[in-house]
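Here is my note on the structure, written as numbered points for someone new to reading models of this kind. Please keep the sequence and the 3D view open while going through the points.

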Amino acid sequence: MDPLDPPVLHPLLRERRSVREYDESHRLDDVELAALLEAARWAPSAGNSQPWAFLVGRRDDGAHRVFVPLLAPSVRRWAPAASALVFALHQVASGPEEDALVYSDYAAYDLGQAVAHLTVQAAALGLSTHQFAAFDHAGLAAACGVPPHWAVTTGIAVGRGVTSELAPRVRRPMAEVAYAGRFGAPVLPG
Ligand SMILES: Cc1cc2nc3c(=O)[nH]c(=O)nc-3n(C[C@H](O)[C@H](O)[C@H](O)COP(=O)(O)O)c2cc1C
């Protein structure tokens, strides 16, 4: 059984892929942006700690102009054409303020889940996303005034994807990733 065949995976998941070509006529409006950020904001997190924050630049705005030179050349080739660049941050220590969020060991996990929800919401809006780690993390933190108890983790390009030339998606086999009680003993065939 091919898991990419219906009905195993929901179409929003089946069709999701990290595209590198974007329709530059598309602009991300406030309604779409709010939906993406709300999807992330309503994700579950350890103790409801919500240890995430986002920096957002839409193509041609001031934040976008700050972000683009900080992308690695490999990412700068395609990401600036997307309608928005979103940078995802998670807490790495408790803040100095009296009412500061307390650091949670699950902060990175929680941020990843919030971004996953954002990507699914994007798919539901007919938008594509491509996450990336290849950028100047320290430069971005400095340029955007990120406090030391926060880390800029990943960037996310969001836009209307052009999906004409796409390489096949590959994954490790199920038998290598899901086990029945004992590590290494497959729970499912294939
Ligand atoms: C944390 C993270 C970092 C990534 N960094 C990059 C990157 O720097 N450059 C890039 O082209 N893709 C990057 N990707 C995209 C992955 O290469 C992509 O998700 C993976 O190859 C699977 O392809 P798919 O998303 O189309 O299924 C990153 C993805 C994640 C989740």
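1. Overall build. The protein chain has six helices and four strands, and, read along the sequence, these elements follow the pattern α-α-β-α-α-β-α-β-α-β. The model is a predicted one, and this should be kept in mind for each of the points below. Along its principal axes, the C-alpha trace of the protein chain spans about 50 × 45 × 30 Å, and of the 190 residues in the chain, 36% are buried.

2. The shell around the ligand. The ligand is surrounded by 13 residues, and the closest of these are Arg16, Ser18, Arg20, His130 and Arg171. When the shell is divided by residue type, there are four nonpolar, four polar and five charged residues. Which strand gives the most to this shell? That element is strand 3, covering residues 128–132, which supplies three residues.

3. Contacts with the ligand. A polar atom in the side chain of Arg16 lies 2.9 Å from an oxygen atom of the ligand, while an N or O atom in the side chain of His130 is 2.8 Å from a nitrogen atom of the ligand. With Ala133 it is the backbone that takes part, since one of the backbone N or O atoms of this residue lies 3.0 Å from a ligand nitrogen atom. Taken alone, the ligand exposes 620 Å², and the protein buries 60% of that area.

4. Arg20 and its place. Arg20, one of the closest residues to the ligand, lies in the loop between helix 1 (11–14) and helix 2. Is Arg20 buried or exposed? Its relative accessibility is 55%, and because the cut-off for exposed is over 50%, Arg20 counts as exposed. For a sense of distance within the model, the C-alpha atoms of Arg20 and Phe183 are separated by 36 Å, and the two residues are 163 residues apart along the chain.

5. Salt bridges, beginning with Glu15 and Arg14. Side chains of opposite charge can pair when their charged atoms come close. A search of the whole structure finds six salt bridges, and one of them joins the side chains of Glu15 and Arg14, with 3.3 Å from N to O. The two partners should be looked at separately, because Glu15 counts as exposed at 53% relative accessibility, whereas Arg14 is buried, with a relative accessible area of 19%.

6. A link between distant parts of the chain. The side chains of Asp30 and Arg58 meet in a salt bridge, with 2.8 Å from N to O. This pair links distant parts of the chain, for Asp30 is in helix 2 (residues 30–41) and Arg58 is in strand 1 (residues 52–58), 28 residues apart. Asp30 counts as exposed at 52% relative accessibility, while Arg58, at 24%, counts as partly exposed.

7. A pair within helix 2. Another salt bridge is formed by the side chains of Glu38 and Arg41, with 2.9 Å from N to O. How many residues apart are Glu38 and Arg41 in helix 2? They are three residues apart, and so they are separated by about one helical turn. Glu38 is partly exposed, with a relative accessible area of 32%, and Arg41 is likewise partly exposed, with a value of 45%.

8. A nonpolar surface patch. Met174, Val177, Val187 and Leu188 make a nonpolar patch of about 330 Å² on the surface. Of these residues, Leu188 is found in the segment after strand 4 (150–159), and with a relative accessible area of 44% Leu188 is partly exposed.

9. Backbone angles to check. Most residues other than glycine have a negative phi, and most peptide bonds are trans. Asn48, which is not a glycine, has a positive phi near 55°, and Gln50, also a residue other than glycine, has a positive phi near 50°. Asn48 is found in the loop between helix 2 and strand 1, and the place of Gln50 is in the loop between helix 2 and strand 1 as well. Asn48 is exposed, with a relative accessible area of 52%, whereas Gln50 is partly exposed, with a relative accessible area of 31%.

Notes:
Residues are numbered from 1 along each chain as its sequence is written. This is a predicted model: local features need pLDDT of at least 70, side-chain atom pairs count only at pLDDT 80 or more; totals for chains, interfaces and linings use all residues. Side-chain values use heavy atoms; hydrogens and water are left out. A residue is near a molecule or strand if one of its heavy atoms lies within 4 Å of it. A polar contact is a pair of N or O atoms within 3.5 Å; within protein, one must be able to donate a hydrogen and the other to accept it, and residues adjacent in sequence count only if both atoms are side-chain atoms. Accessible areas come from the Shrake-Rupley method with a 1.4 Å probe; for residues, only the protein chains shown count as cover. Helices (H or I, at least four residues) and strands (E, at least two) are DSSP runs, numbered from the N terminus. Ala, Val, Leu, Ile, Met, Phe, Trp, Tyr, Cys and Pro count as nonpolar, Asp, Glu, Lys and Arg as charged, and the others, Gly among them, as polar. A salt bridge is a side-chain nitrogen of Lys or Arg within 4 Å of a carboxyl oxygen of Asp or Glu. Buried means under 20% relative accessible area, exposed over 50%, partly exposed in between (1.4 Å probe, protein chains only). Patches are made of residues with over 30% relative accessible area and no salt bridge: like charges are joined within 9 Å, nonpolar side chains (Val, Leu, Ile, Met, Phe, Trp, Tyr) within 5 Å.
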